[in-house]
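Here's a quick look at a protein chain, with the sheet taken apart strand by strand. Have the viewer open while you read.

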Amino acid sequence: MADLYLLTEDGAVAQRWAIGDQAAAVGRDDSADITIHDDTLSRQHFMIWREGNDYLIKDLNSQNGTWVGGQRVQGAKLCQNVCIAAGHTLFMFSEHPLSANPRGVIPAVLTSRLAAGDTRVFANAAKPAA
């Protein structure tokens with residue numbers, strides 16, 4: 001099992017969702033498995049799923065694109081601690097639980113892997129994945 005983390009502007013973890021054997025769609029609409037309040041996200045922006053030992057991401061024809069490790073992608077294999085930018089929201093994917101430090105802040109090296117442009121992060125997710 002892997003985790004998808006919603007990050008705040010200072011790199012702190014705002015929310016976590018477990019990514020298991022079922023695919024998880026991320027977007028601004030209530031029909032998404034993971035709903036994020038960000039008007040720059042598409043209703044169904046991207047999907048993450050497990051295939052064998054790998055986790056994959058696919059952009060769902062979003063208007064603003066999905067960025068993995070600073071590169072715009074249509075689809076990609078996810079690696080440990082990679083940042084995912086979608087709209088103005090920043091996520092981090094991790095195949096292993098994060099070691100908690102006192103404030104739960106992600107190391108700066110991870111949050112420096114933003115997509116090109118002025119990416120802001122909104123840490124106000126609406127509903128966790130089931």
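Two strands count as paired if DSSP finds at least two bridges between them, and the elements themselves are DSSP runs numbered from the N terminus, with helices being H or I of at least four residues and strands E of at least two. This is a predicted model, where local features need pLDDT of at least 70, side-chain atom pairs count only at pLDDT 80 or more, and totals for chains, interfaces and linings use all residues. Residues are numbered from 1 along each chain as its sequence is written, and side-chain values use heavy atoms, leaving out hydrogens and water.

Start with β1 (residues 2-7) and β11 (residues 89-94): they run antiparallel, joined by 4 bridges. One bridge partner to look up is Ser 94 in β11, which sits opposite Asp 3.

Both strands belong to an open sheet of 6 strands, ordered β2-β1-β11-β10-β7-β8 with antiparallel pairing. Why do β2 and β8 have one side left without a neighbour in the sheet? They stand at the edges, so each has a single partner strand. Direction ignored, neighbouring strands here are turned by 30 degrees against each other on average (axes are lines fitted to C-alpha atoms, for helices over the stretch in contact; angles run from 0 to 180 degrees between N-to-C directions).

| Strand | Residues |
|---|---|
| β1 | 2-7 |
| β2 | 13-19 |
| β8 | 71-73 |
| β11 | 89-94 |

Zooming out, the chain has 1 helix and 12 strands, running β-β-β-β-β-β-β-β-β-β-β-α-β from the N terminus. Of its 130 residues, 42% are buried (under 20% relative accessible area, 1.4 Å probe, protein chains only).

How values were computed. Buried means under 20% relative accessible area, exposed over 50%, partly exposed in between (1.4 Å probe, protein chains only).
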